[in-house]
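Student: I'm new to this one. Could you walk me through how its labels are decided?

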Amino acid sequence: MVGICRSGRCLDVVVGLPGTGKTTVLETVRLAHEREGMRVIGTATSGQAAKTVGRDAGIESFTVASLLARFDRGSISLDARTLVVLDEAGMTDDADLLRLIDEATATGAKLVLVGDHRQLSAVGPGGSL
């Protein structure tokens with residue numbers, strides 16, 4: 001957790017098997033970043049995963065498709081004081097992952113990819129983990 005909070009990197013990756021506490025770590029990461037005055041947004045390819053991050057880690061979350069549409073409409077924007085958590089990152093196709101990386105890079109936001117490399121892969125081309 002300290003590595004994520006103090007890495008200074010624009011992108012970090014958390015890989016863990018099911019039930020190893022990834023969501024618990026995300027709650028701690030959220031709290032640490034919010035204490036520093038940062039906004040934390042969660043996203044996941046599946047709606048159920050987005051709901052789980054919202055419920056279990058206390059992170060306002062959207063599906064990837066919804067978040068990208070909100071970027072396009074201008075109803076959500078990122079900045080250097082934003083942390084975006086992509087849960088179940090291995091299920092996100094390359095095009096959507098690239099859009100998230102591009103948005104984070106262009107705005108100075110931090111992106112954390114979370115997932116299990118043994119999980120189902122992306123529906124489209126991809127499979128970042």
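Tutor: Sure, let's start with one term: buried means under 20% relative accessible area, exposed means over 50%, and partly exposed is in between (1.4 Å probe, protein chains only). Keep in mind that this is a predicted model, where local features need pLDDT of at least 70 and side-chain atom pairs count only at pLDDT 80 or more, while totals for chains, interfaces and linings use all residues. Residues are numbered from 1 along each chain as its sequence is written, and side-chain values use heavy atoms, with hydrogens and water left out.

Student: Why is Arg30 called buried?

Tutor: Its relative accessible area is 12%, and the cut-off for buried is under 20%, so the label fits.

Student: What makes Arg30 and Glu34 a salt bridge?

Tutor: A salt bridge needs a side-chain nitrogen of Lys or Arg within 4 Å of a carboxyl oxygen of Asp or Glu. The closest N and O atoms of Glu34 and Arg30 are 2.8 Å apart, so the pair qualifies. Glu34 and Arg30 are four residues apart in helix H2 (residues 22–35), so about one helical turn separates them. Helices (H or I, at least four residues) and strands (E, at least two) are DSSP runs, numbered from the N terminus.

Student: Why is Glu34 called partly exposed?

Tutor: Glu34 has a relative accessible area of 38%, which falls in between the two cut-offs, so partly exposed is right.

Student: How do you know that Lys110 forms a salt bridge with Asp12?

Tutor: Their closest N and O atoms are 2.5 Å apart, which is within 4 Å, so it counts. Lys110 lies in strand E5 and Asp12 in strand E1, so this pair ties together parts that are 98 residues apart in sequence. Both Lys110 and Asp12 are buried.

Student: And how many salt bridges does this rule give?

Tutor: Five. Another of them joins Asp56 and Arg55, with the closest N and O atoms 2.9 Å apart. Arg55 has 56% relative accessibility, so it counts as exposed.

Student: What makes a nonpolar core, and which residues have the most contacts inside the largest one?

Tutor: A core is a set of buried Ala, Val, Leu, Ile, Met, Phe, Trp, Tyr and Cys residues joined through side-chain atoms within 4.5 Å. The largest has 17 residues, and Leu67, Phe71, Leu86 and Leu100 have the most contacts inside it. Helix H4 (64–73) is one of the elements giving two or more residues to this core, and H4 gives the most, with four.
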